[in-house]
Amino acid sequence: MFIDDIYMKLSKFKFVLPPALIAQHPVSYRDESRMMVVNREKGKIEHKVFKDLIKYFGKGDVFIMNNTKVFPARLYGNKERTGARIEVFLLRELNPDLRLWDVLVDPARKIRIGNKLYFGENDALVAEVIDNTTSRGRTLRFLFDGPHVEFKKILFELGNTPLPKYITRESEPEDTERYQTIYASEEGAVVAPAAGLHFSRELMKRLEIKDCSFEFLTVHSGLGNYREIDVEDLSKHKMDSEQMRISAEVANAVNEAKDSGKKICAVGTSVMRAIETSVSTDGHLKEYDGWTNKFIFLPYDFSIANCMITNFHTPLSSLLMVAATFGGFELIMEAYHVAMKEGYRFCAYGDAMLIL
């Protein structure tokens with residue numbers, strides 16, 4: 001067995017995360033979450049606050065950020081006749097003209113093809129189940145005759161912020177804003193790009209004053225981020241595909257910074273996966289418009305980013321594997337041990353890690 005093969009095992013990423021460390025609410029101010037700084041070269045760990053980020057970046061440095069926008073994907077409805085309460089999780093719109101959506105339903109055993117589901121007061125919206133896709137997956141056709149814009153407005157008014165299941169409370173009004181980056185613009189995600197949640201307008205302005213720049217790509221993050229990996233040999237794991245786009249302008253700006261020896265910071269695992277999806281043979285970023293199912297795990301050589309911002313992730317998750325691959329397995333797992341000892345907050349509403 002080669003030394004790299006050791007880190008290709010799922011069990012290497014197992015640890016016990018106390019439930020109390022999973023953040024249930026965001027901190028009062030975005031940029032005042034804690035930030036652990038991990039220096040790969042020195043093997044050193046420091047404890048800072050996120051707005052201290054400004055101390056580590058300067059003129060010409062680039063932050064690559066995911067501008068996807070989370071839509072209110074979780075709906076609660078009632079089944080015809082029985083009135084049973086059904087949760088419907090919208091995944092993506094399949095056909096705007098026919099009002100077709102790919103969804104998950106819970107409890108799935110009660111939902112069959114031909115069933116009708118009713119949503120909102122006075123049954124403002126009705127949907128019919130027209131297909132089974134997976135054990136919990138269904139295709140719904142919403143029965144709505146008005147304009148598509150009006151349909152989407154009603155649908156999203158009925159929806160709730162799709163907080164991850166590890167947040168064990170119901171969504172609240174503040175989540176509409178806080179489970180969203182301040183620069184979100186491209187609707188299509190059901191999972192927030194959590195590393196970006198720490199950026200405030202004030203911090204971004206201060207970084208701009210230091211002549212740092214922000215380049216935005218789009219990855220519509222899906223529930224595959226939370227899907228359990230069920231194989232010990234990581235080389236056999238397949239990621240769900242996610243829609244992504246990198247413009248020529250973004251690629252050119254990143255490549256110019258790379259060629260100038262500047263810091264290129266991937267803000268989040270979704271960004272890291274996206275930029276590694278579209279790399280030229282000479283190690284530069286390319287324009288891209290399509291899908292990615294990139295799965296990053298050890299051993300792996302990164303081509304674009306030389307630093308990274310991420311959150312603290314759950315055991316055995318693909319997100320943790322990206323961080324450990326970039327930061328070095330031993331150093332990142334040590335950092336996680338320190339984080340739990342020091343009471344860092346984990347997951348989407350938790351604290352940040354800057355890997356330099």
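## Close-ups of a predicted model

**View 1. Two neighbouring strands, β6 and β7, side by side.** Seven bridges hold β6 and β7 together, and the two strands run antiparallel. Pick out Glu 93 and you'll find its bridge partner, Trp 101, in β7. Keep in mind that everything shown here comes from a predicted model.

**View 2. The barrel that β6 and β7 belong to.** Step back a little, and six strands close into a barrel, in the order β5-β6-β7-β10-β9-β8. The pairing in this barrel is antiparallel. From one strand to the next, the twist averages 45 degrees. As a reminder, strands of a sheet pair through backbone hydrogen bonds, either parallel or antiparallel.

**View 3. The largest pocket and what lines it.** This pocket has a volume of about 1000 Å³. Its lining is made up of 42 residues, and those nearest the centre are Leu 91, Val 190, Gly 222, Leu 223 and Gly 224. Several elements give two or more residues to the lining, among them β7 (100-106), β10 (137-142) and the helix α1 (148-158). Which strand provides the largest share of the lining? That's β6, with six residues. Sort the lining by character and you get 18 nonpolar, 12 polar and 12 charged residues.

**View 4. The open sheet.** Here nine strands line up as β2-β1-β17-β16-β14-β3-β12-β13-β15, and they make an open sheet with mixed pairing. Look at the edges: β2 (44-49) and β15 (288-292) each have a single partner strand, so one side of each has no neighbour in the sheet. The twist in this sheet averages 25 degrees from one strand to the next.

**View 5. Strand β14 and its two partners.** Zoom in on β14 (residues 264-267), which pairs with β16 (residues 307-311) in the parallel sense over three bridges. Strand β3 (residues 62-66) also pairs with β14 in the parallel sense, again over three bridges. Cys 265 is a handy landmark: it stands opposite Cys 307 in β16, and it is also the bridge partner of Phe 63. Further along β14, Val 267 has Ile 309 in β16 as its bridge partner. In a regular strand, side chains alternate between the two faces of the sheet. You can see that pattern in β14, where Ile 264 and Ala 266 point one way while Cys 265 and Val 267 point the other. Are these four residues buried or exposed? All of them are buried.

**View 6. Cysteines without a disulfide.** A disulfide is a covalent bond between the sulfur atoms of two cysteines. How many does this structure hold? Zero. Start with Cys 265: its closest cysteine sulfur, in Cys 307, is 4.1 Å away, which is too far for a bond. A disulfide calls for sulfur atoms within 2.5 Å. For Cys 212, the closest cysteine sulfur is in Cys 265, and the 9.8 Å between them is too far for a bond as well. Both cysteines are tucked away from the surface: Cys 212 is buried with a relative accessible area of 6%, and Cys 265 is buried with 0%.

**View 7. Met 353 in strand β17.** Met 353 is found in β17 (residues 352-355). This methionine is buried, with a relative accessible area of 0%. Now look for Pro 26, which is 327 residues away from Met 353 along the chain. The C-alpha atoms of these two residues are separated by 16 Å.

Note on methods: Residues are numbered from 1 along each chain as its sequence is written. This is a predicted model: local features need pLDDT of at least 70, side-chain atom pairs count only at pLDDT 80 or more; totals for chains, interfaces and linings use all residues. Side-chain values use heavy atoms; hydrogens and water are left out. On a 1 Å grid over the protein atoms alone, a cavity is a set of points where a 1.4 Å probe fits but cannot get out, and a pocket is an open set with protein on both sides within 12 Å along at least five of seven lines; lining residues have an atom within 4 Å of a point. Grid points are joined across faces, edges and corners, and a volume is the space filled by probe spheres set on the points. Ala, Val, Leu, Ile, Met, Phe, Trp, Tyr, Cys and Pro count as nonpolar, Asp, Glu, Lys and Arg as charged, and the others, Gly among them, as polar. Buried means under 20% relative accessible area, exposed over 50%, partly exposed in between (1.4 Å probe, protein chains only). Two strands pair if DSSP finds at least two bridges between them. Axes are lines fitted to C-alpha atoms, for helices over the stretch in contact, and angles run from 0 to 180 degrees between N-to-C directions.
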